[in-house]
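Here is a short set of exercises on reading a protein fold. Try each task with the structure in view, then compare your steps with the worked solution.

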Amino acid sequence: MGTVRGARVVVTGAGGGIGAALARRFAAEGARVVVNDLDAAKAASVAGEIGATAVPGDASAVVPEAREALGGAIDVFCANAGVAHGGGPEADDLLWERSWDVNVMAHVRAARALLPEWLERGSGRFVATVSAAGLLTMVGSAPYSVTKHAALSFAEWLSATYRHRGIGVHAVCPQGVRTDMLDATGAAGDLVLLPTAIEPEQVAEAVLKGIEDERFLILPHPEVARYYAARATDTDKWLDGMNQMQRTLEEQRPPGRTVD
């Protein structure tokens, strides 16, 4: 895929899961890759495997060091790092704040650091790992659902505002993916996500194809488009279906218990 060969790429949250799969795939296509993760050892391991550069640390602040590691410029930034906390309004404020900081504000801070460079030269590509929860919702996890909707909204705003100035934006919205994050979702994930879960490598393949096709919305699970349309055109029926999932979940665990 010639669209990324030679590109200077940053992937956050790339110590495992979708991020690691993205880093490997970009490197395989001939891109120069920076692997970012809070876990320095994991970042170094993935980077060493694919001949990339590890820049560990907070995804919110990685742009300056990553830019330097790539020789002074970034072509593609994959805002992939994310957290998934369970619960609803009763969840602690610290969990809500962390969800907002990692799932949304890290994207905002990265864009703030990248846009002056990209707008000056008239090119750049922002790839946000959002989740199907950003198009739909996730039972058992209000912080995740709310912040992923916000992440999608920010990506839409970037695209609407800057696409005529050469900035490409993509929102990647998979359902279940076989990662540590899926394992941590407990009963809700087993009910909603596990039956159709795919491998991280399949998400990476969808991302590269979406970039090649210049598509904003990248759906590794194509059926999500149908669910999204149903949500928009018959919202009450869609909410009835989601509520049925909630009731099934409550039958499997005591009421009031958050996602495992």
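**Exercise 1. Find what covers the buried residues of H8, then describe this helix and the residue that follows it.**

Step 1. The cover over the buried residues of H8 includes helix H1 (17–28), S5, S6 and S7. Contact here means heavy atoms within 4.5 Å. Helices (H or I, at least four residues) and strands (E, at least two) are DSSP runs, numbered from the N terminus.

Before going on, note that this is a predicted model, in which local features need pLDDT of at least 70, side-chain atom pairs count only at pLDDT 80 or more, and totals for chains, interfaces and linings use all residues. Residues are numbered from 1 along each chain as its sequence is written, and side-chain values use heavy atoms, with hydrogens and water left out.

Step 2. List the residues that are covered. In H8 the buried ones are Pro200, Val203, Ala204, Ala206, Val207, Leu208, Gly210 and Ile211. Buried means under 20% relative accessible area, exposed over 50%, and partly exposed in between (1.4 Å probe, protein chains only).

Step 3. Check the length. The 14 residues of H8 should span 20 Å at 1.5 Å a residue, and its end C-alpha atoms are 20 Å apart, which agrees. The expected span is 1.5 Å times one less than the number of residues.

Step 4. Look just past the helix. Glu214 lies in the loop between helix H8 (200–213) and S7, and its phi is positive, about 55 degrees. Most residues other than glycine have a negative phi.

**Exercise 2. Work out the order of the strands in the sheet, and how they pair.**

Step 1. Write down the order. The open sheet has 7 strands, in the order S3-S2-S1-S4-S5-S6-S7, with parallel pairing. The edge strands are S3 (53–54) and S7 (217–218), each of which pairs on one side only. Two strands pair if DSSP finds at least two bridges between them.

Step 2. Start from S4. Strand S1 (residues 8–11) pairs with S4 in the parallel sense over 3 bridges, and Val10 stands opposite Phe77 in S4. On to S5 (residues 124–129): S4 pairs with S5 in the parallel sense over 4 bridges, and Cys78 has Val127 of S5 as its bridge partner.

Step 3. Move along to S6. S5 and S6 run parallel and are joined by 6 bridges, and Thr129 has Val172 of S6 as its bridge partner. S6 and S7 pair in the parallel sense over 2 bridges, where Val172 is partnered by Ile218 in S7.

Step 4. Ask which way the side chains point. From S4 (residues 76–79), Val76 and Cys78 point one way and Phe77 and Ala79 the other, and all are buried. In S6, Ile167, Val169 and Ala171 on one side and Gly168, His170 and Val172 on the other are all buried. With 6 of its 6 residues buried, S6 is largely enclosed by the rest of the structure.

**Exercise 3. Follow the chain between strands, and give the handedness of each crossover.**

Step 1. S4, helix H4 (residues 93–121) and S5 make a right-handed β-α-β unit. Right-handed means that, with the strands pointing away from the viewer, the path from the first strand over the helix to the second runs clockwise.

Step 2. Next, the chain crosses from S5 through H5 to S6, and this β-α-β crossover is right-handed too. In the loop between S5 and H5 we find Ser131. Ser131 has a positive phi of about 115 degrees although it is not a glycine, and it is buried, with a relative accessible area of 8%.

Step 3. Pick one residue of H5. His149 lies in this helix and is partly exposed, with a relative accessible area of 26%. Leaving out residues up to four places away in sequence, His149 touches Ala133, Gly134, Leu135, Leu136 and Arg231.

**Exercise 4. Which residues of H10 are buried, and which are exposed?**

Step 1. Trp238, Met242 and Leu249 are the buried residues of H10. Seen down the helix axis, they fall within an arc of 30 degrees, so they line one face of H10. The arc is taken from the directions from the helix axis to the C-beta atoms.

Step 2. On the other side of H10, Asp236, Lys237, Asp240 and Glu251 are exposed.
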